[in-house]
Every structure is written in structure tokens, then in C-alpha cells.
Amino acid sequence: MVTLESFIAELDAVVRGGDDADAIVKAVQPLLAELLADQAWLPDLPVDATLPVAHLLGKGDGWSVVLVAFPAYATTPVHDHLTWGLVGVVSGCEVETPYSYVDGVLRPLEPVRNEPGAISQVIPPDQEIHSIFNPLNRPSISVHVYGADLADLPRHWYDVSANQVHDYRSAYAGEAS
Ligand SMILES: [Fe+2]
């Protein structure tokens, strides 16, 4: 049986085993798939129907695990991550639109519809800018695994049509943003 504690122990071992982002993401992917398949470990989330809520489930040296509830029909800004990451959908649906620079201009790629069990990934520098949309009339729940505590990273969001970059920092439930 997978528990959050057993997942975190294996994640910590993977991160300690090397610092190549591609290799880490490849190794964490099946661990996260197992965690998504057995949801007995899931905490009860106070889901806000109108705002995204991020609960920090754990963090260590070179990793963090966050449970995110994302409201019905909500869309994130286009944003970066500055570290590797995996997002596994627990319930609901999240449509990810990756973005890529083409001739110095940020352009959307083909959107990907992530249903429960699906895992998407971000790996800097070429695959780490995206936006997320919840197409359903209920919140989505997803597990996010990152190579850092994102609340510590000076990230960015992108006003694509105005070709502008803005500062962006995430916060967890119960913290001032
Ligand atoms: Fe993201």
C-alpha cells in the first residue's frame, strides 16, 4: 500500500541519488502514478469553490509535495516554475496549455486534457511555461511534486498578448500571498 510517507521517502531517495532533472522526473513518474492509483492517503481538503488552494504536504532538501484544489472553470496565468515538476490529477480535469518561445515570442502549443491518473511535467529551461484551465463545473484536485519549495522561488507570469513578464510567487493555504 502506498502512503504519503512511503511516497515521500522514495521521492527523497530519488532526489538524493542525483541532480539530473530529466532522470529525476523519469524516476518520480511511476512513484506518483502509484500514489494516484491508491487515494486512501488523501487528506480531507477544505475546498474553496472560488479560489485555488495549495496545501503543502511536505518538503525536504530539493523537493516539495503540494495538493492543489483548483476551482471550476478557473484558468491560471501563463507561468513558469524554475525547477522540475510533475502534476498528477487526482479528480476532475485539468487542461494544460504548454508555451514555448518561437523566434523570441512566447507561443501556445497544443493543449493537453489531463484526466484523473494523468501526469504532466515541467522541466526547465525549454518545457516549463504553461497555463492550466479547469473545464468542469467542479474543482479539480491534483498532486504537485517539485524540485524546490515554489514559495521560495521568484517566478514569473507572462502577459502573452502584451509581451510582458511579471513577478509571481506562490503561497500555501493559511499564508498571506
Ligand atoms: Fe504550473
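Let's start with one residue, Leu11, which sits in helix 1. Keep in mind that this is a predicted model.

Is Leu11 buried or exposed? Leu11 has 24 other C-beta atoms within 10 Å. The cut-off for buried is 20 or more, so Leu11 counts as buried.

What does Leu11 touch, once we set aside neighbours within four places in sequence? Its contacts are Val28, Leu31, Trp63 and Val145. For contrast, take Ile132. Ile132 lies 121 residues from Leu11 along the chain, and their C-alpha atoms are 25 Å apart.

Now widen the view to the helix pair. Helix 1 covers residues 4-16, and helix 2 covers residues 21-37. Their axes lie 10 Å apart, at an angle of about 175°. Angles over 145 degrees count as roughly antiparallel, so helix 1 is roughly antiparallel to helix 2.

Which residues meet there? From helix 1 come Phe7, Glu10, Leu11, Val14 and Val15. From helix 2 come Ile24, Ala27, Val28, Leu31 and Leu35. By type, the contact has nine nonpolar residues, one charged and no polar.

Next, the sheet. Five strands make an open sheet, and the pairing is antiparallel. Read across, the order is 1-2-10-4-8. Strand 1, residues 53-60, is at one edge, and strand 8, residues 119-122, is at the other. Each of these pairs on one side only. From one strand to the next, the twist averages 20°.

Look inside that sheet at strand 4 and strand 10. Strand 4 is residues 85-91, strand 10 is residues 140-146, and six bridges join them. Val87 stands opposite His144 in strand 10. A general point here: in a regular strand, side chains alternate between the two faces of the sheet.

How do the helices meet these strands? Helix 1 lies across strand 1, strand 2 and strand 10, at about 135° to strand 2. Helix 2 lies across strand 4, strand 8 and strand 10, at about 15° to strand 4.

Last stop: strand 11. Strand 11, residues 155-159, pairs with strand 3, residues 78-79, in the antiparallel sense over two bridges. Val78 has Tyr158 of strand 11 as its bridge partner. Strand 11 also runs antiparallel to strand 12, residues 164-168, with five bridges between them. One partnership there is Trp157 with His166 of strand 12.

Strand 11 and strand 12 form a hairpin, with four residues between the strands. Which residue takes a positive phi in that hairpin? Asn163 does, near 55°.

Terms used. Residues are numbered from 1 along each chain as its sequence is written. This is a predicted model: local features need pLDDT of at least 70, side-chain atom pairs count only at pLDDT 80 or more; totals for chains, interfaces and linings use all residues. Two strands pair if DSSP finds at least two bridges between them. Axes are lines fitted to C-alpha atoms, for helices over the stretch in contact, and angles run from 0 to 180 degrees between N-to-C directions. Angles under 35 degrees count as roughly parallel, over 145 as roughly antiparallel, 65 to 115 as roughly perpendicular and the rest as oblique. Two residues are in contact if their C-beta atoms, placed from the backbone, lie within 7 Å. Ala, Val, Leu, Ile, Met, Phe, Trp, Tyr, Cys and Pro count as nonpolar, Asp, Glu, Lys and Arg as charged, and the others, Gly among them, as polar. A residue is buried if 20 or more other C-beta atoms lie within 10 Å of its own, exposed if 12 or fewer, and partly exposed in between; C-beta atoms are placed from the backbone.
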